[in-house]
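Here are some notes for a colleague at the bench who wants to read this model residue by residue. They go from burial to the chain as a whole, and then to particular helices, strands and loops.

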Amino acid sequence: MTTPSNSDDIFWMRRALAQAESVLYTTAPNPRVGCVIVRDGRVLGEGATQPPGGPHAEIRALLDAQARNETVEGATLYVTLEPCSHFGRTPPCVDAVLAAKPARVVVAIGDPNPLVNGQGLARLRAAGIAVTTGVCVEQALAINAGFISRMSRGLPWVWMKMAASLDGRSALHNGMSQWITGPEARADGHHWRARSCVVLTGMGTVLKDDPLLNVREVETPRQPRRAVVDGLFGIPESARLFDGGPVIVFTAREDAAKAARLAAKNVQVVVLPGPTPGRVDLVGMMQWFAQAQFNEVHVEAGAGLSGALVAAGCVDELLLYLAPVLLGDAAGMVRLPMLEHLDAARRYAFIDSAQVGADLRLRARVEGAWRTLMQRVALPPIAS
């Protein structure tokens with residue numbers, strides 16, 4: 001077998017990443033993983049992780065090769081995340097890979113899950129299979145930032161979606177905000193809702209907009225959970241989001257009778273009082289999400305909750321849609337304390353920009369949070 005060049009590895013790993021991206025909406029709480037099996041520049045089989053309880057990417061690719069009457073022995077297997085080596089809802093993927101006897105396995109990133117964490121790679125190497133690691137690391141992490149964050153930090157990956165004018169205004173002083181951006185930007189925002197595990201808003205938004213918070217603009221077989229931060233537990237029981245689908249209300253105030261009435265509407269009430277009376281413990285809320293196996297949190301809230309989440313260090317990424325319009329003296333996006341010095345400003349690194357219809361989408365993230373994840377998944381870019 002001819003040993004592929006590094007450019008060949010990147011080419012095929014990108015194909016495996018495309019497989020992982022095809023299941024962005026469906027695998028949670030499991031990671032999105034893609035796998036491609038190749039021999040001499042020809043695909044023998046490929047696949048992506050199925051919804052929880054279904055086969056993982058490696059198994060799907062092996063089954064695809066079997067359906068094509070292809071023999072995998074001696075081939076190269078590309079996978080976007082280290083093969084699992086433990087029993088969960090399904091048997092260990094590394095067992096199936098070992099049984100297939102590929103000559104080589106190429107892995108993008110390691111899995112910090114304590115039940116995996118290098119054990120899959122160790123078993124492959126012990127069986128004499130050549131292992132190459134560290135191919136397309138950033139791209140693979142971007143697809144699974146939430147899963148990696150939950151496994152390594154005990155926190156979900158949190159992005160905050162905002163829509164604003166060129167002068168940074170998100171609503172008029174009378175509260176009108178629909179619609180600053182165009183339909184294409186709104187549809188794109190629903191894509192980000194769909195890939196998340198939960199859409200989070202605040203009590204102010206519920207009172208002002210009475211939103212549904214569901215995904216409507218893109219097709220998805222799975223609706224994310226919906227959640228509201230409501231410190232005083234004053235949410236109207238007639239709110240539209242109480243439509244029978246599961247909802248979580250985080251509050252700082254006990255009210256067993258109201259909680260019981262809401263439970264009949266499929267609403268889970270979580271009491272998490274913070275140090276300030278009447279306020280929810282926002283850091284504790286994020287820890288609760290992680291313990292409940294929520295990988296990614298999509299925030300769509302008003303300036304008050306948005307500012308509180310930023311101030312508490314709960315936001316990893318900003319998803320900002322800018323409309324080509326000036327609103328002048330109007331409400332801002334985030335309410336934060338006044339600063340006396342610029343060195344106290346909260347800073348982000350731009351990672352992406354794209355025109356979406358008439359609007360501009362900007363993404364920026366907290367570099368320290370991203371570096372932490374990179375350190376947890378990076379594998380030496382060597383073959384063994």
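1. In these notes a residue is called buried when its relative accessible area is under 20%, and the model to which the term is applied here is a predicted one. Helix H10, which covers residues 282-291, has seven of its 10 residues buried, so H10 is largely enclosed by the rest of the structure. The buried residues of H10 are Leu-282, Gly-284, Met-285, Met-286, Trp-288, Phe-289 and Ala-290.

2. The two ends of H10 each have a feature that can be checked in the display. At the start of H10, the backbone nitrogen of Val-283 has a side-chain oxygen of Asp-281 within 3.3 Å. After H10 comes Gln-293, with a positive phi near 70°, and this residue belongs to the loop that connects H10 to strand E12 (296-299). Gln-293 has a relative accessible area of 42% and is therefore partly exposed.

3. For the chain as a whole, the secondary structure consists of 12 helices and 16 strands, and 51% of the 384 residues count as buried. The accessible surface is about 17,100 Å², and carbon and sulfur atoms contribute 53% of that area. Among contacts with a separation of 6 or more, 72% are between residues 24 or more positions apart.

4. Helix H6 (residues 145-153) can be read in the way that H10 was. Seven of the nine residues of H6 are buried, so the rest of the structure largely encloses this helix. The buried residues are Ala-145, Gly-146, Phe-147, Ile-148, Ser-149, Arg-150 and Ser-152, a list in which the charged residue Arg-150 appears. Gly-154 follows H6 and has a positive phi, near 70°.

5. Which residues does Ala-164 contact, once neighbours within four places in sequence are left aside? Ala-164 is part of strand E6 (residues 157-165), and because its relative accessibility is 0%, it counts as buried. Its contacts are with Arg-169, Ser-170, Ile-180, Leu-320, Tyr-321, Leu-322, Ala-323 and Met-333. The C-alpha atom of Ala-164 also lies 8.8 Å from that of Val-325, although the two residues are 161 residues apart along the chain.

6. The pair formed by Gln-19 and Glu-46 links a helix to a strand, since Gln-19 is in helix H1 (residues 6-21) and Glu-46 is in strand E2. Their side chains make a polar contact of 3.5 Å. Glu-46 has a relative accessibility of 16% and so counts as buried. Apart from residues up to four places away in sequence, Glu-46 touches Arg-15, Gln-19, Cys-35, Val-36, Arg-60, Ala-61, Asp-64 and Arg-68. With neighbours within four places likewise set aside, Gln-19 is in contact with Gly-34, Cys-35, Glu-46, Gly-47 and Ala-48, and Cys-35 therefore appears in the contact lists of both Gln-19 and Glu-46.

7. Two packed helices are described by the angle between their axes and the distance between the axes. The axes of H2 (residues 57-67) and H3 (residues 93-100) come within 9 Å and cross at roughly 30°, and the crossing is left-handed. From H2, the residues that take part are Glu-58, Ile-59 and Leu-62, and they meet Cys-93, Ala-96, Val-97 and Ala-100 from H3. Six of these contact residues are nonpolar, none is polar and one is charged.

8. Most residues other than glycine have a negative phi, and most peptide bonds are trans. Against that background, some places in the loops deserve a look. The peptide bond from Ala-28 to Pro-29 is cis, with omega near 10°, and Pro-29 is in the loop between H1 and strand E1 (34-39). In the loop between E1 and strand E2 (42-48) is Asp-40, a residue other than glycine whose phi is positive, near 50°. Asp-40 counts as exposed, because its relative accessibility is 62%. Gln-293, discussed above with H10, is another residue other than glycine that has a positive phi.

Technical notes. Residues numbered from 1 in each chain as written. Predicted model: local features only at pLDDT ≥ 70, side-chain atom pairs only at ≥ 80, totals over all residues. Heavy atoms only, no water. Axes fitted to C-alpha atoms, helices over the stretch in contact; angles between N-to-C directions. Helix = DSSP H or I, 4+ residues; strand = E, 2+ residues; numbered from the N terminus. Left-handed = near helix turned anticlockwise from the far one by under 90°. Contact = heavy atoms within 4.5 Å. Polar contact = N/O pair within 3.5 Å; in protein donor to acceptor, adjacent residues only side chain to side chain. Buried < 20%, exposed > 50% of the residue type's maximum accessible area, 1.4 Å probe, protein only. Areas by Shrake-Rupley, 256 points an atom, 1.4 Å probe, with all protein chains shown as cover.
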